[in-house]
Amino acid sequence: MEESVLQSKIRDNKDVQEEILNIINCDNGYEFISEDHYPNGIYADFSIVKNNEVKAIIECKGSEIGVNEYVRGIGQITTYDYFAKNSLSIKNYNFNNTYILFCFPSGIVLNRNFNIGLFPYPEKSKIIELNERNDNIREITRDELKKFAEGGIEDKITISPYYIRDTRIYELYILLHYLQLKKMSGCEVVNRTEIEINELRKIGTQDNRNWRNAFIALSSLGLIDSKNLPSKKGAYYATLSYDEFTYEVYKCYIYPYINAFFELFYSKNTKEIKLSNKEICDFFNDKYNEKQVLFFTDSDNRYLSSWLNIMRDDFGCIFFEPRNLERKLVYNIEECNEKFAIDNIKKYGIGGQYVEKYKQLIKGKSHL
């Protein structure tokens, strides 16, 4: 995505603006001023202003830039941070708790030439990502930057900025749906531990004692905010059926991981393989010149196990028995149109039965 396209989405898309404002804890009364003039002849891509008070200054970059332009962007937000801290303005702006936002599309994380976790950022800055497939806005937190940094300089590569571990898609759907009910009932903040122990464990899912990972995954996808309540996109996704939701998560977030497995089957020219998780990891690491894949083949295969479980239980793309190395290809979702994919998720996946149990538990009740 070119920088000009990103700028137009921020300038013209009210949903994108609303999510940015939500990240910096602002209401909807702020104006997004494009190409705003600052000292030394500098023009920021946007200022977020209300009653002459600047709540945030935004610098945008496109997804195809190289490391030099990315570093230039860091220099620009560092300059904006200096202006805000020292109240430097040619428009008599007021600066009070002003955020500096570095905004770019999701594709920038896939650039093989640099690792966004290995740069310093101003303390008051926030890294904002726009999903190129569904225009969802999310913050890449400092904890996530640390995870990217764990990839080092040469040891790992990234095929997707999103990750899921030790949970299923149907558990994400149940949690998102339930959090939306909480939001609609007037809840202003959700305590993760409290609702897991007192409410969510009643459902009896496969990862029933570890709902923490479902919260982490929804946050990584940008579908819940810092108060553990659905974002605007998350609220919309909560209105979908489970099968529709699962397909959306595939299409907009996790398709690089899922599609990679089909390459494995096709490379062996078979619909059945008998490989250990380590052997599967070795296949992918060899494909990427002996580099581990972040959120996929790293972390002692734990991510890989999660993706295999998701492919079996949510999508039904593959089948295997517990503790059995034989994996059978059922269908390739990459080759399906949306309707056929959703029909296959419903036909071959098992998540629907847990979603139905959840719906029966909340039927006619205000809580589980």
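1. Strands β2 and β3 form a hairpin with two residues between them. Asparagine 51, in the turn of this hairpin, has a positive phi of about 50°. The model is a predicted one, and the points below should be read with that in mind.

2. The two strands of this hairpin are β2, residues 42-50, and β3; they run antiparallel and are joined by five bridges. One pair can be named: lysine 50 has glutamate 53 in β3 as its bridge partner.

3. What does β3 pair with besides β2? Strand β3 also pairs with β4 (residues 94-105), here in the parallel sense and over seven bridges. Across this pairing, isoleucine 58 stands opposite leucine 101 in β4. Strand β3 thus takes part in an antiparallel pairing with β2 and a parallel one with β4. As general background, the strands of a sheet pair through backbone hydrogen bonds, in either a parallel or an antiparallel manner.

4. How many of the eight residues of strand β3 are buried? Strand β3 covers residues 53-60, and seven of its eight residues are buried, so the strand is largely enclosed by the rest of the structure.

5. A second hairpin is made by β5 and β6, with six residues between the strands. Four bridges join β5 to β6, and the two run antiparallel. In this pairing, isoleucine 127 has isoleucine 140 of β6 as its bridge partner.

6. Aspartate 135 lies in the loop between β5 (125-130) and β6 (137-140). Its phi is positive, about 65°, although aspartate 135 is not a glycine. Is aspartate 135 buried or partly exposed? Its relative accessibility is 23%, and because the cut-off for buried is under 20%, aspartate 135 counts as partly exposed.

7. Asparagine 228 also deserves a look. Its phi is near 65°, again a positive value in a residue other than glycine. Asparagine 228 is found in the loop between α7 (212-220) and α8 (232-237). With a relative accessible area of 8%, asparagine 228 is buried.

8. A further group of strands forms an open sheet of three, in the order β8-β11-β10, with antiparallel pairing. Strands β8 (272-274) and β10 (318-319) stand at the edges with a single partner strand each, so one side of each is left without a neighbour in the sheet. Between β8 and β11 (residues 326-329) the antiparallel pairing runs over three bridges. In that pairing, lysine 274 has glutamate 326 in β11 as its bridge partner.

9. The last points concern helices. Two packed helices are described by the angle between their axes and by the distance between those axes. Helix α5 (residues 169-184) packs on helix α13 (residues 351-362) at an angle of about 25°, with the axes 9 Å apart. Because angles under 35 degrees count as roughly parallel, α5 is roughly parallel to α13. The crossing of α5 past α13 is right-handed.

10. Which residues make the contact between these two helices? From α5 come Tyr170, Tyr173, Ile174, His177, Tyr178 and Leu181. From α13 come Gly351, Tyr354, Val355, Tyr358, Lys359 and Ile362. By class, the residues of the contact of α5 with α13 divide into nine nonpolar, two polar and one charged.

Definitions and conventions: Residues numbered from 1 in each chain as written. Predicted model: local features only at pLDDT ≥ 70, side-chain atom pairs only at ≥ 80, totals over all residues. Heavy atoms only, no water. Axes fitted to C-alpha atoms, helices over the stretch in contact; angles between N-to-C directions. Parallel < 35°, antiparallel > 145°, perpendicular 65-115°, else oblique. Left-handed = near helix turned anticlockwise from the far one by under 90°. Contact = heavy atoms within 4.5 Å. Nonpolar A, V, L, I, M, F, W, Y, C, P; charged D, E, K, R; others polar. Buried < 20%, exposed > 50% of the residue type's maximum accessible area, 1.4 Å probe, protein only. Pairing = 2+ DSSP bridges.
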